Amino acid sequence: MLAHDEKLDPDELVVNYIPELKDVEAFHNANVRHLMDMSIAIAFDETVYGPDSDNTKFFQTMIANGTHTAIKQLKPHPSRNHGDVYNYASPVTDTLGWVIDNVLGGNGKTFEYFEENVWSKLGQEHDLLITMWDEKNFIANHSGGASATARDMMRFGQMMANMGQSADGIQIVHPSVVEDIMKGGTDENIQQFKNSYEYRKDVPMAYRNMFRVRPDEGIFYQIGIHGQIVWVDTKYDLVVVKHSSNLNAVNMFTPEIYLLNLLKYGLPDGTGKISKSKSRKSKKSKKGEVV
């Protein structure tokens, strides 16, 4: 949204928005687009969670010494360049949050912007709660810890499915922004995903603007550890929200995504079969209607 309004330049170097990172090798020659599409080449493994994982070490540093200190301690990947590979890493989101805070005028402005320009316009029933790991500097967490009810998250997903328009007909996100996400960005995004550990040969995908995207299927979604998912299927006019408390942080992602993809054919009845009427593509709901 900020890029569309020309308040943020995705091609600008990260260090020009965050001068404090000029001496941090991990961010040399990295631009904001590398953050937005998770293609910055840092040494960080998001596939493992536990006492000795990169995630645990990063958040421990964040709690003890502050978010910005933790970001400054990130290291460059030993064998990759920025833009080579899509590789999800939580600290990248925190870095992007720092960029946006600076663009908007200071700490906490990212969440104020989101509340004023998105959340407050969706007709939500409840507040969105944000975790604050860095209590020392009063910096809220951008990479994880947001809590919202399933219905409120569904309204967000439905807005994205309706090309950025809320149930009340308010244009919240410009259609061109949603279209850019839906098509998976550029061919470069497609190639970056092919180079990723998440790549599956039978499912062409990309990562664009903090969304995982299946361009050929009209699907894009966001996921969180332990089974949190907002799934938007524009071809079948389907939005699914899933809240979970899976024991393992990431191991259930593959089967859960597989099952979500089957929902376009309908929900099974008590016999485990899908009724014929539900197996066909659904008719489009009225514009902005939440069902």
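The paragraphs below walk through a predicted model, beginning with its sheet and moving on to helices and aromatic rings.

A good place to start is the open sheet, in which five strands follow the order S1-S2-S3-S4-S5 with antiparallel pairing. Strand S1 (206-208) and strand S5 (238-242) stand at the edges; each has a single partner strand, so one side of each lacks a neighbour in the sheet. From one strand to the next, the twist averages 20°. At one end of this order, S1 and strand S2 (residues 211-214) run antiparallel and are joined by three bridges. Ala 206 has Val 213 in S2 as its bridge partner. Helix H10 (residues 253-262) packs on the sheet, where it touches S2, strand S3 (219-224), strand S4 (228-233) and S5. The direction of H10 makes about 30° with that of S4.

Further along the sheet, six bridges connect the antiparallel strands S3 and S4, and Gly 224 stands opposite Gln 228 in S4. These two strands form a hairpin with three residues between them. In its turn, His 226 has a positive phi of about 70°. S4 is also joined to S5, again antiparallel, by five bridges, with Ile 229 standing opposite Lys 242 in S5. The hairpin of S4 and S5 has four residues between the strands, and here Asp 237 takes a positive phi near 50°. Of the six residues of S4, five are buried, so this strand is largely enclosed by the rest of the structure.

Turning to the helices, H8 (residues 175-182) has Val 177, Val 178, Asp 180, Ile 181 and Met 182 as its buried residues. The cover over these buried residues includes helix H7 (150-161) as well as the strands S1, S2 and S3. Just after H8 comes Gly 184, with a positive phi of about 75°.

Another pair of helices can be described by how they cross. Helix H5 (residues 90-104) packs with helix H6 (residues 109-117) at an angle of about 80°, and their axes are 7 Å apart. The two helices are therefore roughly perpendicular to each other. On the H5 side, the contact is made by Gly 97, Ile 100, Asp 101 and Leu 104; on the H6 side, by Lys 109, Thr 110 and Tyr 113. Sorted by type, the residues of this contact comprise three nonpolar, two polar and two charged.

Finally, the aromatic rings offer some links across the sequence. Nine aromatic pairs are found in the whole structure. In one of them, the rings of Phe 59 and Trp 133 have centres 5.3 Å apart and planes at 35°, so the pair is tilted. This pair links distant parts of the chain, since Phe 59 belongs to helix H3 (residues 54-65) and Trp 133 to the loop between H6 and H7, 74 residues apart. Phe 59 counts as buried at 16% relative accessibility, while Trp 133, at 33%, counts as partly exposed. A further pair is formed by Tyr 86 and Tyr 207, whose ring centres are 4.7 Å apart and whose planes are at 20°, so this pair is stacked. Because Tyr 86 lies in the loop between helix H4 (67-72) and H5, and Tyr 207 in strand S1, the pair ties together parts that are 121 residues apart in sequence. Both Tyr 86 and Tyr 207 are buried. Phe 59 and Trp 133 also belong to one aromatic cluster with Phe 44 and Phe 58.

Definitions and conventions. Residues numbered from 1 in each chain as written. Predicted model: local features only at pLDDT ≥ 70, side-chain atom pairs only at ≥ 80, totals over all residues. Heavy atoms only, no water. Pairing = 2+ DSSP bridges. Axes fitted to C-alpha atoms, helices over the stretch in contact; angles between N-to-C directions. Contact = heavy atoms within 4.5 Å. Buried < 20%, exposed > 50% of the residue type's maximum accessible area, 1.4 Å probe, protein only. Parallel < 35°, antiparallel > 145°, perpendicular 65-115°, else oblique. Nonpolar A, V, L, I, M, F, W, Y, C, P; charged D, E, K, R; others polar. Phe/Tyr/Trp six-rings, centres within 6.5 Å; stacked < 30°, edge-to-face > 60°.
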